[in-house]
Amino acid sequence: MTHALPANPIMVFDIETVADTDAARRIYPQLADLNDADAMSALTAIRIQEAGHDFMRLPLQRIVCISALYIKDGQLSLFSLTADKFSEKDILTKFFRAFSDIETLPQLVSWNGSGFDIPVLIYRAMQYDLSAPWLFEEGERIKNMRFDNYVNRFQTKHLDLMDRFSQYGASRREAMDVVASLYGLPGKTDVDGSMVGDLVSNGDWQTLSIYCESDVMNTWLIYLRWLRLTGKLSSPSYDYWQQQSRDYLAISTQADDKPRHHEFIADWTSAPQS
């Protein structure tokens with residue numbers, strides 16, 4: 001029995017960001033003469049006054065990590081691009097390479113990618129004058145992408161699972177942690193998005209990238225359930241890909257040869273199974 005996925009390759013992705021105080025100084029002149037710490041405090045106060053919360057405007061979200069699971073020819077590859085090794089421009093450039101060949105454009109899968117990740121990618125890529133034409137193609141040059149592209153909301157070349165599960169906003173959009181936990185997946189563990197800034201300040205890139213990769217794996221495993229629900233994946237194939245995912249994580253190691261995702265596997269193994 002073959003266990004082919006409906007699209008190949010597939011790329012499940014997630015980004016992590018921090019506030020960009022340098023960019024903020026161009027928008028808020030009152031920050032110009034402040035050091036980074038004071039500028040961050042002042043920017044947070046401004047944002048709370050503006051919006052009632054401290055979540056920064058999307059153009060001021062500096063990308064510090066992109067993690068992705070790439071599935072091609074039945075092989076899984078989980079990787080991260082982090083700001084300790086690459087500039088933000090280089091992170092974006094390397095990520096956009098997945099969309100450089102019209103013949104191998106991936107099925108893109110995210111959780112809230114339409115509401116957060118893709119808009120941030122757009123703002124930040126334009127800041128560096130980058131180009132990713134096939135990611136934003138709507139059929140002007142490639143006719144068959146008029147009805148099969150990443151841009152238009154009701155097409156599925158980019159499947160934002162949160163948007164789709166809510167019927168495009170007709171019902172409440174749920175956090176991935178809630179949905180993952182419902183399905184017996186690890187969800188969030190000891191790290192959450194509010195801690196990203198501190199992880200970057202402390203130089204704890206390993207914890208940050210493992211956290212981002214865990215979000216990617218949760219999204220991937222939810223996606224497998226979606227494929228089974230919609231009839232694009234049989235139950236035996238669903239079981240096969242779950243096991244492949246477990247096996248892949250089990251042999252993934254860090255630079256020190258220690259297991260990289262042992263906590264994810266332990267939480268997944270101990271969770272109630274369907």
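A residue counts as buried when its relative accessible area is under 20%. That cut-off is applied below to a predicted model.

**Two cysteines, no bond**

The whole structure contains zero disulfides. Why does C65 not form one with C212? A disulfide needs two cysteine sulfur atoms within 2.5 Å. The sulfur of C65 has its closest cysteine sulfur in C212, at 3.9 Å, so the pair is too far apart for a bond. Both cysteines are buried, as the table shows.

| Residue | Relative accessible area | Closest cysteine sulfur |
|---|---|---|
| C65 | 0% | C212, 3.9 Å |
| C212 | 0% | C65, 3.9 Å |

**A buried glutamate beside them**

E16 sits in strand 1. Is E16 buried or exposed? With a relative accessibility of 7%, E16 falls under the 20% limit, so E16 counts as buried. Leaving out residues up to four places away in sequence, E16 touches both C65 and C212. Its other contacts are R62, I63, V64, V196, L208, Y211 and D215.

**The nonpolar cores**

How many residues make up the largest nonpolar core? The number is 31. Within this core, L5, L69, W220 and Y223 have the most contacts. Several elements each supply at least two of its residues. Strand 1 (10-19), strand 2 (61-72) and strand 3 (75-82) are among them. So are helix 5 (161-165), helix 6 (176-182), helix 8 (205-229), helix 9 (235-250) and helix 10 (262-270). Helix 8 gives the largest share, nine residues.

L69 shows how these parts meet. Not counting residues up to four places away in sequence, L69 touches I10, M11 and V12. L69 also touches L76, S77 and L78. Further contacts of L69 are V216, M217 and W220.

A second core is separate from this one and has 26 residues. It includes I66, A68, I91 and L92.

**Helix 8**

What span should helix 8 have, at 1.5 Å a residue? Its 25 residues should cover 36 Å. The C-alpha atoms at its ends are 36 Å apart, which agrees with that expectation. The helix is largely enclosed by the rest of the structure, because 21 of its 25 residues are buried. In general, an α-helix has 3.6 residues a turn, so residues three or four places apart point the same way. Just after helix 8 comes G231, where phi is positive, at about 80 degrees.

Note on methods: Residues numbered from 1 in each chain as written. Predicted model: local features only at pLDDT ≥ 70, side-chain atom pairs only at ≥ 80, totals over all residues. Heavy atoms only, no water. Buried < 20%, exposed > 50% of the residue type's maximum accessible area, 1.4 Å probe, protein only. Core = buried A, V, L, I, M, F, W, Y, C linked by side-chain atoms within 4.5 Å. Helix = DSSP H or I, 4+ residues; strand = E, 2+ residues; numbered from the N terminus. Contact = heavy atoms within 4.5 Å. Expected span 1.5 Å × (residues − 1).
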